[in-house]
Amino acid sequence: MLNFKNSPYSLEELEKHQAKITAIHTSMEARTSLGAEYLGWLKAASTFEEKELKRLIQLASKIREEADLLVVAGIGGSYLGADALIQALKPTFGQDKPQILFCGNNLSAAYMEELLAYLEGKCFYVNVISKSGRTVETALAFRFLKKELTKRYGQEAGRYIIATTDAKSGALRRQVEEEGYKSFVVPQDIGGRYSVMSPVGLFPMAVAGLDVKGFLAGMTQAEKDFSSPKLEENAAYRYALTRRLLYKKGKIMEILVTYEPALEKFAEWYKQLFGESEGKEEGGIFPVAVANTTDLHSMGQIIQDGPKIFFETVVDLSKPSSLVLPEVKAEDDLDYLQGQKISGMTKKALLATLIAHEEAGVSNLLIEMESYSEESLGYLMYFMMRACAMSAYLGGVNPFDQPGVEAYKNNMLALLGNPNYKKYKADIEKKLREKNLV
Ligand code: PA5
């Protein structure tokens, strides 16, 4: 289903590091590695409880019959996977009902105002997703949605709310218990950015009408295919090791390259996965993304001729299409392309760019996918997660925490006047005054 190609390192070169890879793999399998309490995703797809999946699909079908919209409130790992998959697998133009909208992933007043205006006169359900149950952006958005539902339905508002959160702890779970919302569980041993195969990803996908069973089947296959410690057999580990060897040579940025507009959100999911997992202790590969051929006309120049601090990882995956260039009279010197498939041209653009960038000293790793479906995207996401965990471990950090995001949160909560952060407030305000920022 997936081929990892064009590593600048031969298998023999990679295998010099086999002992290290085996040691990390063994500690992951034995659940003794750093952050091992969050390794639940390794086998989550294959062990997803049948009964729970049935309940999830049934509830999603009911919403599909009734609603115009599902509004998903969540941020980071609590929405990026579903957003990526829905964009990738639903038609680009004229989505069928129910449309899936995302909120709670920003603090834009205008965004919320426009969303509330858009909801007017439409039947909508809310899926509020927060593992911790205390994320400000999500909780604020949820308040607006809850108010709107209460205005419409009074005591019955809870009927339109589905919460996805921790099984026992957190403010959202408490609300579920108090208000009697329907709910799903984010497993304790799975962190946000590794949770796409849990109800976090599956429920919005199912409401969108996507094949969640196919998605889980793809992930389950990947669990098997990337279970070997041997570099020769495990493409995810070859990719992870290649990244780290390039990093050691000063390639501090990875550019994920796609050629399908529907994969732009997939690149956002990838950025969070790798950025939050690896970027620690003043190290880590900075993940960015380009969407070609669009970005060849904006970023192509700097990739070709800019500083040699990055490598590219090209995902060769396109929506199936048999579209052929029609015969049209036009003075554009393109008659030689008439009758040819556009998908063939995309592949040629990919290969041409790969050679041009490599000749400029930019390594191009290639991930070739054989098909485009729920199954293959599940497979690809698992490949990425396996590679990401290995890559972070090779860098000596815990792939599953995110201590760095606390700094902004503490400052923000202090400035917003959260009583528990009172002691920081005066200090931050002083710093802002000194900088003439307030
Ligand atoms: O990957 C992560 O753990 C984070 O990006 C979280 O998903 C994000 O911060 C949202 O957290 P929560 O689901 O607790 O609201």
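Reader: Before I dig in, what counts as a salt bridge here?
Author: A side-chain nitrogen of Lys or Arg has to be within 4 Å of a carboxyl oxygen of Asp or Glu. Keep in mind that this is a predicted model.

Reader: Okay, so how many salt bridges does that rule give?
Author: The count comes to 25 salt bridges. One of them pairs Glu 368 with Lys 5, with 3.0 Å between the closest N and O atoms. That pair links distant parts of the chain, 363 residues apart: Glu 368 sits in strand E10 (residues 364-369) and Lys 5 in strand E1 (residues 2-5).

Reader: Is Glu 368 buried or exposed?
Author: Glu 368 is buried, at a relative accessible area of 15%. Its partner Lys 5 is partly exposed, at 37%.

Reader: Switching spots, what do Asp 96 and Lys 90 do?
Author: Their side chains meet in a salt bridge, 3.0 Å from N to O. Lys 90 counts as buried because its relative accessibility is 8%, and the cut-off for buried is under 20%. Asp 96 is partly exposed, with 35%.

Reader: And where do Glu 434 and Lys 430 lie?
Author: Both are in helix H16 (residues 422-434), four residues apart, which is about one turn of the helix. Their side chains form a salt bridge too, at 3.4 Å from N to O. Glu 434 counts as exposed at 56% relative accessibility, while Lys 430 is partly exposed at 46%.

Reader: Which residues get joined into one network by shared partners?
Author: Lys 5, Asp 316, Lys 347 and Glu 368 are joined that way, through salt bridges that share partners.

Terms used:
Residues numbered from 1 in each chain as written. Predicted model: local features only at pLDDT ≥ 70, side-chain atom pairs only at ≥ 80, totals over all residues. Heavy atoms only, no water. Helix = DSSP H or I, 4+ residues; strand = E, 2+ residues; numbered from the N terminus. Buried < 20%, exposed > 50% of the residue type's maximum accessible area, 1.4 Å probe, protein only.
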